[in-house]
Amino acid sequence: MIIGSAGFGGGRPHVNTALEMLKRIAEEEHLTLTCAVIQAEIESATVLDAFRQGLITPMPGAPALDEERIVSSSRIVGQMGTEPLVRALRTGADVILAGRACDAALYAAVPLMHGFDPGLAFHMAKVMECGAQCAIPLAPSDCLLGSIDSEGFTLRPLNPDRICTPESVAAHALYEQPDPFRIVEPEGEVDLTETRYSQIDRASVRVSGSRFVPQPPPFRIKLEGARIRGYRAITVAGARDPAVIANLDAIESRARETARAHLAGHLDESQYQIRFLFYGRDAVLGHLEPSKTSPHEVGVVIDVVGETLDIAQDVLALVRASTLHAPFEGRKTTAGNLAMPFSPSDFVGDAVYEFSLYHLMEVHDMTSLFPLETIVIGG
Amino acid sequence: MTSLYDLAVVLRSKNAGPFLMTIDVMLPDRASFLRVATSPAFSVETISSAYGVDAREVRVIPVEEINTVKVTLPRMVGERGSGSPGDTDVYGAQHHGPLIDIEVE
C-alpha cells in the first residue's frame with residue numbers, strides 16, 4: 001500500500017499524523033507492518049542556497065521570488081517523483097507513507113520499477129490518481145482498476161454501475177490540467193497527441209500510443225511554500241432594503257472611512273486589510289461580473305485580515321458597526337442597514353497563508369532531499 | 001445565436017495549480033464543437049477581454065476528438081495564489097461565469 005501525499009499537504013506534521021493513525025490501526029488489528037516513511041519537507045536554507053545559485057525558476061503564472069519570502073515560509077515541501085517511491089518499494093515494506101508527492105508518481109512507481117514504458121505508466125497513473133473520475137457517471141471517490149502491459153494499458157471501474165468509454169478517459173486528460181496533450185512530471189513529459197483509446201468490453205477502455213519524452217538531467221522538482229499573511233475574522237449579514245442594495249458601494253466606502261478615522265493613531269494601515277463581499281451582486285467574479293441586474297437580497301461578508309487575530313477582531317468590530325449604521329443618500333432604514341443572522345455576529349478564521357513558492361528547483365540528489373526511514377509498527 | 005451555456009453539455013472552470021485556471025467547454029457533437037471552435041465570439045481576444053488579462057497569456061486549445069475546447073489563463077483572484085488574501089474562488093470552480101453569455105452563431 002502506498003499513501004501520499006500524507007495529510008494532503010505532505011509536510012512533516014502531516015506525515016507524522018498519518019503515521020500515528022497507521023500505528024493505531026495496526027495495533028487495533030494486531031498487525032505487524034514494516035512502514036517506509038519518506039519525508040518531503042525541505043529546509044528553507046536548502047532552498048535559499050539553490051536560489052542564490054540561480055537553480056530556482058517560477059512555474060507558469062507564479063510571481064517572482066525573493067530571499068525574504070523563502071526565509072519567512074512557514075513550510076516548504078518538494079513534490080517527489082517516482083525515484084524515492086521506487087527506493088521505498090525495493091525495501092519490501094508493507095506500507096509506504098510518502099510526504100508531498102506528484103499524484104501520478106504514486107501510481108507510476110510500481111509499473112516503472114517493473115520496467116514498463118514510462119509513457120504508458122505515467123499516463124495510466126495520471127488517470128488513476130483521480131479514481132473513477134474518468135468513468136460514467138464520474139466519481140472521484142470510487143475505484144478504478146488499471147492493468148499495464150508492454151503495448152498499452154486497460155482501465156475499468158470496479159463499481160458495476162459505472163463504465164469507462166474512450167471519450168470519458170480521453171476527456172480526463174483535461175481535468176485540472178492546463179494542457180490536454182501533455183503530462184509534465186519530474187522525469188519527463190508524456191505526449192498524448194498520438195494516444196489512441198478504444199472500447200474493449202462494456203466497461204473497459206484500452207489505451208496506447210502515449211509517448212514519453214525524458215527530461216535530460218538535471219532533474220527539477222516542484223516546490224510549494226506557504227507563508228502567513230495574517231489572521232482572519234469575518235462577519236456574515238444580509239441586505240434586503242432596496243436603497244441599501246442600490247447604495248452598497250457608498251455604504252462600504254463610508255464604513256471604511258469611519259473605521260480608518262477611528263483607527264488612525266492606533267494601528268497602521270499596513271496592519272490590516274478589509275474586504276467586502278456582496279453575494280448576489282458580484283462577490284464571486286468581482287469587476288469581471290458581466291451581469292448588472294439588481295437583486296432583491298444581497299449576502300454581505302465583511303472579511304478582515306489582521307497582523308494578529310486581536311487586530312483582525314478589533315478592526316472587524318469597528319467596520320461591522322460602521323456598516324450597520326452608515327448614512328447614505330435616500331436612506332429609510334435608519335435603524336440599521338443589515339440583517340445579522342448570528343449572535344455573536346463575528347467569527348474567527350485561522351491563519352491566512354499565501355504561496356511563497358510555486359517554483360521548480362534543480363536537484364542532483366533525490367536521496368538526501370526525500371529521506372527514507374523504515375520502521376516496524378503494530379505487533 | 002445560442003449562448004455558450006446552452007450549447008455546452010459541460011462548462012466548467014478549475015484551478016490548474018495555484019496560479020492558473022482552466023476552463024473546459026464540452027460540446028455534445030461535432031457540429032456544435034465547430035460552431036464554438038470557429039466562432040469569432042470565442043477567441044483569444046474576446047476571452048482575454050472578458051477576464052481582463054493580456055491576450056498573450058490566454059490559450060484556447062481545441063480538442064477535436066472529444067468535441068471540447070479548453071481555455072487556460074492566469075488566475076485573476078488572490079494576491080499571491082489560490083487561498084491568499086483577496087481570493088473569491090479558492091478552487092476556481094465558478095470562474096467560467098464571464099463566458100456563460102457569449103453568443104455563438
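**A sheet, two helices and an interface**

Modeller: In this predicted model, chain A holds an open sheet of four strands in the order 6-7-11-10, with antiparallel pairing.

Biologist: Why is one side of strand 6 and of strand 10 of chain A left without a neighbour in the sheet?

Modeller: Strand 6 (144-148) and strand 10 (196-199) of chain A each have a single partner strand, so they stand at the edges with one side free of a neighbour. From one strand to the next, the twist averages 20°.

Biologist: What makes strand 10 and strand 11 of chain A a pair?

Modeller: Pairing requires at least two bridges. Four bridges join strand 10 to strand 11 (residues 205-208) of chain A. The two strands therefore count as paired. In one of these bridges, Ser198(A) has Arg206(A) as its partner.

Biologist: Why are helix 4 and helix 5 of chain A called oblique to each other?

Modeller: Helix 4 (residues 82-90) and helix 5 (residues 103-113) of chain A pack at about 60°, with axes 9 Å apart. Angles under 35 degrees count as roughly parallel, and 65 to 115 as roughly perpendicular. The angle falls in neither range, and the helices are therefore oblique.

Biologist: Which classes of residue make up the contact of helix 4 with helix 5 of chain A?

Modeller: Residues such as Leu85(A) and Val86(A) in helix 4 meet residues of helix 5, including Ala105(A) and Leu106(A). The contact has 10 nonpolar, one polar and no charged residues.

Biologist: How many residues of chain A are in contact with chain B?

Modeller: On chain A, 29 residues are in contact with 35 residues of chain B. Strand 16 of chain A gives the largest share of that side of chain A, five residues.

Definitions and conventions
Residues are numbered from 1 along each chain as its sequence is written. Chains are lettered from A and ligands numbered from 1 in the order in which they are written. This is a predicted model: local features need pLDDT of at least 70, side-chain atom pairs count only at pLDDT 80 or more; totals for chains, interfaces and linings use all residues. Axes are lines fitted to C-alpha atoms, for helices over the stretch in contact, and angles run from 0 to 180 degrees between N-to-C directions. Angles under 35 degrees count as roughly parallel, over 145 as roughly antiparallel, 65 to 115 as roughly perpendicular and the rest as oblique. Two residues are in contact if their C-beta atoms, placed from the backbone, lie within 7 Å. Ala, Val, Leu, Ile, Met, Phe, Trp, Tyr, Cys and Pro count as nonpolar, Asp, Glu, Lys and Arg as charged, and the others, Gly among them, as polar.
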